[in-house]
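Hello,

Here is the structure you asked about. My notes on its pockets, its cavity and its salt bridge follow below the model.

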Amino acid sequence: MNPAGYTRAQIALHWVIGVLIVLQLLFGDSMTEVWRGYVQTGTASMTAMAWGHIVGGSLILALVLWRLVLRLSRGAPGPATGETPVQALIAKLVHVALYALMLLMPLSGLVAWYGDVRTAGDVHELLKAVLWVFIGLHVLGAVYNHFVLKNGLIGRMLKPAG
């Protein structure tokens, strides 16, 4: 199913999730410190920032699940005008990776924290770097489409379809 564009809800979720993820990545170090302290001492000194990280990650997980439901029920527009099949494949792979990371990051964090699974904490920390890479690829692809291909791709995430 390839609709002409995204709905208001899909666009809002894209930007809200994006902002929340960047905030989590930029301000999540307080949770890393709390986690390291817990691993060393067996007790956690929770700060407001650490609680905010847990709440923010849980909110991201819920919003990503909602976004996936919308994507599966409504679909998404096809490849951008002017993209080669290879570029379209790369875009698809980057999006699949981003969705996987948007699910795995909060799940690994929750399993680490509430399940006391240190390996999940290590995975969570590793995925942080991987997520930065895929965010960069996503932004680079959008900029390339906007400035090089000039195909209006970014507009699809700014204005709802008809």
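The lining of the second largest pocket breaks down by class into 14 nonpolar, 9 polar and 4 charged residues. This is a predicted model, and the values in this email are computed from it. The second largest pocket encloses about 560 Å³ of space. A total of 27 residues line the second largest pocket, and those nearest its centre are Met31, His53, Met105, Gly109 and His124. Two or more lining residues come from each of α1, α2 (29–41), α3, α4 and α5. Helix α4 gives the largest share of this lining, 7 residues.

The largest pocket holds about 1,400 Å³ of space. It has 43 lining residues, and Ala91, His95, Leu98, His138 and Leu153 are the closest to its centre. At least two lining residues are supplied by each of α1 (8–27), α3 (48–74), α4 (85–115) and α5 (118–149). For the largest pocket, too, α4 provides the largest share of the lining, here with 11 residues. Sorted by class, the lining of the largest pocket has 28 nonpolar, 10 polar and 5 charged residues.

As for enclosed space, there is 1 cavity of 30 Å³ or more in the structure. The volume of the largest cavity is about 40 Å³. Its lining is made up of Tyr6, Gln10, Arg67, Arg71, Tyr99 and Met157. By class, that comes to 3 nonpolar, 1 polar and 2 charged residues.

The last item is the charged pairs. How many salt bridges does a search of the whole structure find? The search finds 1. It joins the side chains of Asp29 and Lys128, with an N to O distance of 3.0 Å. The two residues sit in distant parts of the chain, 99 residues apart, with Asp29 in helix α2 and Lys128 in helix α5.

Are the two partners buried or exposed? Lys128 has a relative accessible area of 18%, so it counts as buried, the cut-off being under 20%. Asp29 has a relative accessible area of 41% and is therefore classed as partly exposed, because that value falls between the 20% and 50% limits.

Regards

Notes: Residues are numbered from 1 along each chain as its sequence is written. This is a predicted model: local features need pLDDT of at least 70, side-chain atom pairs count only at pLDDT 80 or more; totals for chains, interfaces and linings use all residues. Side-chain values use heavy atoms; hydrogens and water are left out. On a 1 Å grid over the protein atoms alone, a cavity is a set of points where a 1.4 Å probe fits but cannot get out, and a pocket is an open set with protein on both sides within 12 Å along at least five of seven lines; lining residues have an atom within 4 Å of a point. Grid points are joined across faces, edges and corners, and a volume is the space filled by probe spheres set on the points. Helices (H or I, at least four residues) and strands (E, at least two) are DSSP runs, numbered from the N terminus. Ala, Val, Leu, Ile, Met, Phe, Trp, Tyr, Cys and Pro count as nonpolar, Asp, Glu, Lys and Arg as charged, and the others, Gly among them, as polar. A salt bridge is a side-chain nitrogen of Lys or Arg within 4 Å of a carboxyl oxygen of Asp or Glu. Buried means under 20% relative accessible area, exposed over 50%, partly exposed in between (1.4 Å probe, protein chains only).
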